[in-house]
Amino acid sequence: MRPRRLLMTLALAAALAPSLWLRSEAPRVKASPFGHIEPLAHQAATAGPFRLEGAWEISGSGSMFGGFSALITLPGDRFLAGTDGGRKLVFLRPDRPGPPALFSRFGTKADVDKLAVDLEALTRDPDTGVVWGAYEASNAIRRFGADLAPQGKVRPRAMREWGLNSGAEAFTRLPDGRFLAVEERAEGWGSEIHKAVLFAGDPLEDKAPRILQLAVPGNYRPVDMIATGDGRVLVLLRELVISLPPGFRTAIGEFDVADVKQDARVKLRVLAELGDGFPHDNYEGLAITQDDGVPHVWLVSDDNFMTYQRSLLLKLRWDQRRDQRQKARK
């Protein structure tokens, strides 16, 4: 590689890491209220206990369409995807027939928090329908009612020193009602340790959350997570690949809910790295569905509003019997 090209590559990678905030220019046109989700041709692919069963590309018009970095399930076989621009896309599972996806902002023009952008993670209480979102730039947590109307926000003191562009990236509600937020940035160069904050309950009500650490092996960074309901937390991992244009490696890891204790260091185990055969992009959102008792993991990618990236949605069958066999061999 020529020195000038190498310099350009390193500069671009530095600008993108760790939160990939660089955006390409987009025309300032009025956003469409609809998103389109079309099947994407793919080959058979398996990684650890995960098998690729479906792939789709999400598209829409307007300068604010894209940047999908959070994903949760809603009743009625629906998904809610949140964006870096504080927008949301509500859509029916694309493997089910139904109406088009609806793209809109969180809140209204009158009540929207002007600083509520760079939404990186969502979590939901299945009993009440209340939704919480973690925002990276402000390191804030915002609460929404079951109707997705804003109810308030908090900037926890324990998260205020987290990175401006590498802060609250992974966030989930645990089955016992606690909440866990993890900083994307590691504690230092070459470190595997990421700061985490454990809330005893609703983050807007807990004024004294506990500090934890999450140990993530390799060069991966945690970008989303979800409690599986069987005593584990599944974590979506991303690694930036320095190239021109920059690329990404994706992995899925896990840790035990029982390890999430006051002042604890939680160690993450990598279950699979999504290699050849999987459509590659910047996956940042993670959700789980049950199909006839079989868990499926869904991933959504953040295109960073870049012209060379795509908004992709993957459906992975999670073979938990194979998962257990792999653990037994280790």
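A residue counts as buried when its relative accessible area is under 20%. N139, at 3%, is therefore buried. Keep that cut-off in mind, since this is a predicted model and burial comes up again and again below.

**The chain as a whole**

Start with the big picture. The protein chain has two helices and 23 strands. Of its 330 residues, 55% are buried. Look at contacts with a separation of 6 or more, and 53% of them are between residues 24 or more positions apart.

**Backbone oddities**

Back to N139 for a moment. Its home is the loop between strand 9 (131–135) and strand 10 (140–144). Its phi is near 50 degrees, so a positive value turns up here in a residue that isn't glycine. Most residues other than glycine have a negative phi, and most peptide bonds are trans.

D263 also has a positive phi, about 60 degrees, without being a glycine. You'll find D263 in the loop between strand 18 (247–256) and strand 19 (265–267). Is D263 buried or exposed? With 58% relative accessibility, D263 counts as exposed.

Then there's the peptide bond between L244 and P245: it is cis, with omega about -5 degrees. P245 sits in the loop that links strand 17 (232–241) to strand 18.

**Strands 21, 22 and 23**

Now for a stretch of sheet that ties several of the later residues together. Strand 21 (283–291) and strand 22 (294–301) run antiparallel and are joined by eight bridges. The two make a hairpin with two residues between them, and D292 in that turn has a positive phi of about 55 degrees. Across this pairing, I288 is opposite V297 of strand 22.

Strand 22 also pairs with strand 23 (residues 311–318), again antiparallel, through five bridges. Here L299 faces L314 of strand 23. How many of the eight residues in strand 22 are buried? Seven of them are, which leaves the strand mostly covered.

**R93 and K315**

R93 is in the loop between strand 6 (87–92) and strand 7 (101–105). Its relative accessibility is 3%, so it counts as buried. Which side chain does the side chain of R93 make a polar contact with? That would be D291, at 2.9 Å. Setting aside residues up to four places away in sequence, R93 touches D77, F79, T289, D291, W298 and K315.

K315 itself lies in strand 23. At 8% relative accessible area, K315 is buried too, because that value is under 20%. Beyond its neighbours within four places in sequence, K315 is in contact with R51, L52, E53, G54, W56, R93, D95, D291, H296, V297 and W298. So R93 and K315 each list D291 and W298 among their contacts, as well as one another.

**Around strand 6**

L92 belongs to strand 6. Its contacts, leaving out neighbours within four places in sequence, are G76, D77, R78, P97, G98 and P99. G86 is in the loop between strand 5 (78–83) and strand 6, and at 6% relative accessibility it is buried. Two pairs that involve these residues are set out here, with C-alpha to C-alpha distances.

| Pair | Apart in sequence | Apart in space |
|---|---|---|
| G86 and F106 | 20 residues | 6.3 Å |
| L92 and P75 | 17 residues | 9.8 Å |

**The second largest pocket**

Finally, a pocket. The second largest one holds about 480 Å³ of space. Its lining has 21 residues, and T73, R124, P126, I226 and A227 are the ones nearest its centre. Which elements give two or more residues to that lining? They are strand 4 (68–74), strand 8 (119–124), strand 12 (168–173), strand 16 (221–227) and strand 21. Strand 21, then, contributes to this lining besides forming the hairpin with strand 22. Sorted by class, the lining comes to twelve nonpolar, six polar and three charged residues.

Conventions: Residues numbered from 1 in each chain as written. Predicted model: local features only at pLDDT ≥ 70, side-chain atom pairs only at ≥ 80, totals over all residues. Heavy atoms only, no water. Helix = DSSP H or I, 4+ residues; strand = E, 2+ residues; numbered from the N terminus. Buried < 20%, exposed > 50% of the residue type's maximum accessible area, 1.4 Å probe, protein only. Polar contact = N/O pair within 3.5 Å; in protein donor to acceptor, adjacent residues only side chain to side chain. Contact = heavy atoms within 4.5 Å. 1 Å grid on protein atoms, 1.4 Å probe; cavity = no way out; pocket = protein on both sides within 12 Å on 5 of 7 lines; lining within 4 Å. Points joined across faces, edges and corners; volume = space filled by probe spheres on them. Nonpolar A, V, L, I, M, F, W, Y, C, P; charged D, E, K, R; others polar. Pairing = 2+ DSSP bridges.
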